[in-house]
Amino acid sequence: MEVGGERFPKQRQVLVLFLLVGVALAGWESRRYSVMEETEGGSFVANVAKDLGLGAGELAARGARVVTEDKEPRLQLDLQTGHLILNEKLDREEMCGSTDPCVMHFQVLLKKPLGVFRAELLVRDINDHSPEFSEREMTLRIPETSPPGTVFPLKKAQDLDVGNNNIQNYSISLSSHFHVSTRDLGDGRKYPELVLDKELDREEQAQLRLTLTALDGGSPPLSGTAQVHILVLDANDNAPEFAQRLYHVQVPENSPVGSLVVKVSARDLDTGTNGEISYALSYSSQEISKTFEVNSLSGEVRLIKKLDFETISSYELDIDASDGGGLSGKCSVSIEVVDVNDNSPELTVSSLTSPIPENSPETEVALFQIRDRDSGDNGRMTCSIQDDLPFLLKPTEENFYTLVTNGALDRESRAEYNITITVTDLGTPRLGTQHNITLLVSDVNDNAPAFTQTAYTLFLRENNSPALHIGSVSATDRDAGANAQLTYSLLPPHDPRLPLASLVSINADNGHLFALRALDFEALQAFEFRVGATDRGSPALSSQALVRVQVLDANDNAPFVLYPLQNGSAPCTELVPRAAEPGYLVSKVVAVDADSGQNAWLSFQLLKATEPGLFGVWAHNGEVRTARLLSERDAAKHRLLVLVKDNGEPALSASVTLHVLLVDGFSQPYLPLPEVAADQAQADPLTVYLVIALASVSSLFLFSVLAFIAVRLCRRSRAAWVGGCSVPEGPFPGHLVDVTGTGTLSQSYQYEVCLTGDSGSNEFKFLKPVFPNILGQDIGRKAEGNPTFHDSLGI
């Protein structure tokens, strides 16, 4: 077994544990158990569960652990039975050296809640070491003149055991001249002394050989022997004597190698070689021999190795002074090592929880222990962290601290903390230790998605292709991971009649919006809906935004001529008196365009005329007027082709044909019509005009009634028809009546032809407006129509 500094116990220990600090168990007194050294590993020591008042199953549930101060796994706790078991054989001499009693401190640590059960294990010594002499043979030079009763100190034996198992007495082999006595110094150490019983006679016996036996008090006792070689000398009757029997010295542990520890001094009254004194260590362990040396001539004791208070705090030296005649004296030197602040504090993290969820106040982050191997103020410590962090240090017990959050954390403000724990002792100079902890904050779904805009306006030109990407909405979430993964959706519209699902769709992953079918500006000019963004947290959070889709007009409707009617019946003939002045209003072409904006700006142009230069068309209002005075040479019948064109891109157009008949006067009894010239001899002109007038009025009335019925039906079936309705084709199609004043006809005109017959002549009352406001109202472009439409017709 190794005999040296490895036998001395460490004086500071580091505990490593992980505990979530709760309500610590109270009322546990420190317990002491005992075990014999060299007991086999696996042997039972104690029932800890019973001493704690806990069931065996509770130890496992609370994560019980055994922690020893020197971090050696000498003990093991069976969590199922609660038995404390030896993990290995214990060697008391290796653990404690000469210290008696040999006590091993340990703790049983529990969590949920925190509990620390302190206990001690007394390792009892067994007699497993025999006494040993450092030298197998000792030589004594004894003058023959030595009187009986003279005492000669002998070198003592060393026994690693303690107490009764240590050396109790010495004996010597049978001799008529000597016996041995055991001297007790009072500190537990026993020295053998050889006592002269009978005077020696060198001439009779010049030397003697005796066997010195050291016997311990074990059961059974063990012993060790050494040979004593006695040389009988002549006349040296004075032994060296020390000035002090015991020297007390204090040495700072940071003393450099070679420093003088103490100087011992002895004197001898003899002269010559009998008075020459030499000094030597009487007995020394390996540790003492490696640490100190004695100058044989001067008696100076010096350091040959650095001292360490934390390893060995004191030394006991025995120094012999021998003269040339073989006499010797003995003294003891007690060396106390003085502690200096040469050890920085130590910090051991037992547990660390990272990451921790945000919004969790008073959460345990770390559990750690601090210690300083120094003593006194050098071993007292303070512990702190930075002031600008939302954390607190809470001391618990046995130099344990817990690091807890001081309020709720916000990951969106700060997702990582670098915490520096500073431990400083109170020695001079002060020494400190820093330990850095990186703490991550995990995300909690505490932020709802936020759209980049509260309202979006998207523009879409009509007649778009289906599945066309019309725009995107975007939202962000300050959370992370699944809490920040967003899903977009369409929310039910406020207006249940709006078939949103058939108009647009949204990509749930990226918020892209698509038009599902082609839109018609004339049917639906704009619509609104809401979109939602929902994260994937638990519980899920969401927000919404408003989206307005504005349908842009395209020039997809050609102008439609309201007057003259182009219904395939007999054309309407305009009568113009030959006496008409230049600029005379012959007729007015009335047209509308279902588009809007510049696509509905109409212009009129005379494309073809029977006699160019006789008539002209005003480009902006469609009025056909005479360009010059009429003459007798001008033909009676004229055919005018008028082009109506919008301002779109590309431009769309329509044409209309006007028949103009030049007459000498409206009082003529006979006005021939071009279409009835073949029947002029058989038909009465007044009858023809009357038939034409009645047919026109009847047609207008019929189409007005049909338009009114269509509008009413359209209102009832709006769920199937969004934005408008279709009207049977006729002189006044319903989808062309809904204008906003962008056509050339701001007021609707209805004309009647009045024929008044007297006995001598007939008169033709020309172009009298009857309903000036039929088409002048702004009915609007909404699909449901305007209820004022049929009212303006006077029905």
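Let me begin with the term I will lean on throughout: two strands count as paired if DSSP finds at least two bridges between them. With that in hand, and keeping in mind that what we are looking at is a predicted model, I would like to start with an open sheet of 3 strands, whose order is 2-5-4 and whose pairing is antiparallel. Its edge strands are strand 2, covering 44–47, and strand 4, covering 75–77, each of which pairs on one side only. From one strand to the next, the twist averages 25°.

Within that sheet, strand 2 and strand 5, the latter made of residues 83–86, run antiparallel and are joined by 3 bridges; if you want a position to look at, Phe 44 has Ile 85 in strand 5 as its bridge partner.

Further along the chain, strand 23, residues 300–303, is joined by 3 bridges to strand 19, residues 260–263, in an antiparallel arrangement, and there Val 262 is partnered with Val 301. Strand 23 is also joined by 3 bridges to strand 22, residues 292–294, again running antiparallel, with Glu 293 standing opposite Arg 302. Strands 22 and 23 form a hairpin that has 5 residues between them, and Gly 299, in the turn, has a positive phi of about 80°.

Finally, a word on the cysteines: the number of disulfides comes to 0. Cys 331, at 1% relative accessibility, counts as buried because the cut-off is under 20% relative accessible area, and Cys 383, with a relative accessible area of 17%, is therefore buried by that cut-off as well.

Conventions:
Residues numbered from 1 in each chain as written. Predicted model: local features only at pLDDT ≥ 70, side-chain atom pairs only at ≥ 80, totals over all residues. Heavy atoms only, no water. Disulfide = S-S within 2.5 Å. Buried < 20%, exposed > 50% of the residue type's maximum accessible area, 1.4 Å probe, protein only. Helix = DSSP H or I, 4+ residues; strand = E, 2+ residues; numbered from the N terminus. Axes fitted to C-alpha atoms, helices over the stretch in contact; angles between N-to-C directions.
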